[in-house]
Amino acid sequence: MTSGDLRLRKAEKSDADQIFALAREFAVTFRPERAAFDDAFPQLLENDEALLMVATVDGTVRGYLLGFAHLTLFANGRVAWVEEAMIDSSYRRHGIGRRLLEEFEGWARSRGAGYVALATRRAAEFYGALGFEVSATYYRKMLTK
């Protein structure tokens, strides 16, 4: 665990700069642009189907998770999807990611989701240790340049 005071909470407007910095640090395929971030961020905070959580250590955002719960036809109801999970590189392997995912699972259960899923090419061992299993191949088609 971290040596500081770790707290999880819903993101707030005042977290925008710190979350944006983390998103830029970990973006591989896309380079987050501030104007697009500033447009999406308040909408995500207000979206009842989304959960944007932060993990703070001594008051500073050291990680965040963005996930959604939505209806499906094939799964007999709701499922939950982790869209982004980012931890400050100097705070990895301190339990922050685990805590964020556990909190998200609780949120997903409270909304009647049958499962939680995510797509990643990284950290397979980490997700496996949390009970996730490989389920499908992820495909994507870029619609913008």
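Here is a short chat about a predicted model and the labels given to some of its parts.

Me: What makes Asp15 count as buried?
Reply: Buried means under 20% relative accessible area. Asp15 has 3% relative accessibility, so Asp15 counts as buried.

Me: And why is Arg9 called partly exposed?
Reply: The label belongs to values between the buried cut-off of under 20% and the exposed cut-off of over 50%. Arg9 has a relative accessible area of 28%, so partly exposed is the right label. Glu12, with 40%, gets that label too.

Me: Why is the pairing of Asp15 with Arg9 called a salt bridge?
Reply: You need a side-chain nitrogen of Lys or Arg within 4 Å of a carboxyl oxygen of Asp or Glu. Here the closest N and O atoms of Arg9 and Asp15 are 2.7 Å apart, so the pair qualifies.

Me: How do you know that Arg9 and Glu12 meet in a salt bridge?
Reply: Use that cut-off again: N to O is 3.8 Å for Arg9 and Glu12, and the limit is within 4 Å, so this pair counts. Arg9, Glu12 and Asp15 are linked in a network of salt bridges.

Me: What about Arg34 and Asp38, where do they lie?
Reply: Both are in helix α2, 4 residues apart, which is about one turn of the helix. Their side chains meet in a salt bridge, with N to O at 2.8 Å. That is within 4 Å, so the label fits. Arg34, at 29% relative accessibility, is partly exposed, and so is Asp38, at 40%.

Me: How many salt bridges does a search of the whole structure find?
Reply: It finds 8.

Me: Which residues of helix α1 are buried?
Reply: In α1 (residues 16–26) they are Ala16, Ile19, Phe20, Leu22, Ala23 and Phe26. They cover an arc of only 160° around the axis, so they sit on the same side of α1. Among the elements covering them are α2 (34–46), β2 (50–57), β3 (60–72) and β4 (77–87).

Me: What makes Glu105 and Arg109 the charged part of the second largest pocket's lining?
Reply: Asp, Glu, Lys and Arg count as charged, so Glu105 and Arg109 get that label. By class, this lining has 6 nonpolar, 2 polar and 2 charged residues. The pocket has a volume of about 160 Å³, and helix α3 (residues 96–110) gives the most to its lining, with 3 residues.

Conventions. Residues numbered from 1 in each chain as written. Predicted model: local features only at pLDDT ≥ 70, side-chain atom pairs only at ≥ 80, totals over all residues. Heavy atoms only, no water. Buried < 20%, exposed > 50% of the residue type's maximum accessible area, 1.4 Å probe, protein only. Helix = DSSP H or I, 4+ residues; strand = E, 2+ residues; numbered from the N terminus. Arc of directions from axis to C-beta. Contact = heavy atoms within 4.5 Å. 1 Å grid on protein atoms, 1.4 Å probe; cavity = no way out; pocket = protein on both sides within 12 Å on 5 of 7 lines; lining within 4 Å. Points joined across faces, edges and corners; volume = space filled by probe spheres on them.
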